[in-house]
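Work through the exercises below with the sequence and the 3D view side by side, and try each task before you read its solution.

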Amino acid sequence: MSLPNFLNFNIKSPLYCPKPSEAFNLHAAPSNLFLSSSKHFECPSSLFPPPNQSVAAIVFGDGSHSQLYPLTKRRSEAALPIAGNYRLVDAVVSNCINSNITKIYALTQFNSTSLNSHLSRAYSSARFGKDGGFVEVVAAYQSPEGKGWFQGTADAIRRCLWILEEYPFFELLVLPGYHLYKMDYQKLIEVHRNNNADITVAVSSNTSRHDDEDSGFGFFHVNSENKVTSFNEKPEIPAAETSVKINGIGNDSFPSMGIYVVSRDAMIKLLTEHFPLANDLRSEIIPGAISLEMKVYAYKFDGYWEDMRNIEAYYRSNMESTKKTNNAYNSFYDRYSPLYTLPRHLPPSLITDAVITDSAIGDGCILNRCRIKNTVVGMRTRVGEGAVIEDSVVLGSDNYESISTEEETIRTPLGIGEGSHIKKAIIDKNARIGKNVKILNRDNVQEGNNEAAGYIVSRGIVVILRSAVIPDGSIV
């Protein structure tokens, strides 16, 4: 018997796992297949091909619940810089590579130019060796069947099913590309296969994470057998009181991470047969699968996870990258699960008589007789003499510029000017901060919008807009 098209891997037949309907038909399957006499046929995960041959990852570049404006005014969430040298999407793609998942499709739409460029240059096929891995950017497109933009995550996958058929796969791994965490997806996939699940959702069980706001992906009720019993957009009761009983089985509520493993056949049926008009996985497809009594299980993840839901979360994650703590993202210095990104071939940072404490300095910076404390300094940042930067995130510049002393009287140079003092701020890329500027928020303003002057305030954090010019002597 020839294998079904989507199972035609270049492997030996013992790895082929028959459908339940084939389990007892000796004429339908090779003689050396694993057979079970039980009524419930289960396919041991050891019989599946390795993830790089059987799993396709889909990474979404932006979310519908973002509160990261103005950082996302000209870029998608996944393209946001993090920890000086990286972008958020690097964490997700690196998780895939470190989990031996090398067939990765990035579905992008809003403000995607920067993200598309980064992915295409950073993850060329040459970097995946001989296993045929790739990161393929699939930008929103129009076709005779669909003339508009992607209407949501479900609509995007539905319209890209024809692309996914190019490579065979057992499961689709659906990932938001703008979260910061380290996860071995092989463990998630193993749980999915051992449960013979249609869908497995990742939920956060880490009680130390910041739960002052929900993640925007909803909450799953999970029984003691880790089977999902229901979905809610918001927690119905306070977290400390979420333990309830359903049919005598303990039931707890966990925040969804927006990460789903969906079996191939289940995904196709859900998108094309059961819910052909649904646009969103989170609010339509996954709850619909639960209502159809499909096998939906939860995978509890207790590690660090930051969903970057707002400016404060983004600021906090950058601040944590400057500290050695068990409660922070720890792949920046992990030998065995490294964080990959685009090699930029920049010179080492040039530091002249500067005092730097508990900070992360990106490549190619020029720091001249300044003082920097608890700060992330992005690539190509220039900091002038006598400047002080504290508790801040400086995203750096896209290029260097040379300005003569005469030109400085006409145009403010890129970077941080001499004698300026910055505290608890995010300075977006290519900003020009003049000399003796004070960005201190001394009045402790919590919310404010002054885009015309080049800045906003969110939760007490001053955000200087991309390419903004803050003149000499300004006070913010």
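**Exercise 1: A buried pair**

Arginine 316 and glutamate 306 are both buried in this predicted model. Find out which contact their side chains make, and where in the chain the two residues lie.

Solution. Begin with the contact itself: the side chains of arginine 316 and glutamate 306 form a salt bridge, with N and O 3.0 Å apart. Next, place the partners, for arginine 316 belongs to helix H9 (residues 311-320) and glutamate 306 to strand S14 (residues 305-306), ten residues apart. Finally, look for shared partners, through which salt bridges join Glu306, Asp307, Arg309 and Arg316 into one network.

**Exercise 2: A pair between loops**

Determine which parts of the chain the salt bridge between glutamate 451 and lysine 73 ties together, and then how accessible each partner is.

Solution. First, the side chains of glutamate 451 and lysine 73 meet at 3.4 Å, N to O, in a salt bridge. Glutamate 451 sits in the loop between strands S29 (447-450) and S30 (455-458), while lysine 73 sits in the loop between strands S1 (55-60) and S2 (81-82), so the pair ties together parts 378 residues apart in sequence. As for accessibility, glutamate 451 has a relative accessible area of 25% and is partly exposed, and lysine 73, at 31%, also counts as partly exposed.

**Exercise 3: The two ends of a helix**

Describe what is found at the start of H8 and what follows this helix.

Solution. At the start of H8, a side-chain oxygen of aspartate 280 comes to within 3.4 Å of the backbone nitrogen of arginine 282. After H8 comes glutamate 293, which has a positive phi near 60°.

Conventions:
Residues are numbered from 1 along each chain as its sequence is written. This is a predicted model: local features need pLDDT of at least 70, side-chain atom pairs count only at pLDDT 80 or more; totals for chains, interfaces and linings use all residues. Side-chain values use heavy atoms; hydrogens and water are left out. A polar contact is a pair of N or O atoms within 3.5 Å; within protein, one must be able to donate a hydrogen and the other to accept it, and residues adjacent in sequence count only if both atoms are side-chain atoms. Helices (H or I, at least four residues) and strands (E, at least two) are DSSP runs, numbered from the N terminus. A salt bridge is a side-chain nitrogen of Lys or Arg within 4 Å of a carboxyl oxygen of Asp or Glu. Buried means under 20% relative accessible area, exposed over 50%, partly exposed in between (1.4 Å probe, protein chains only).
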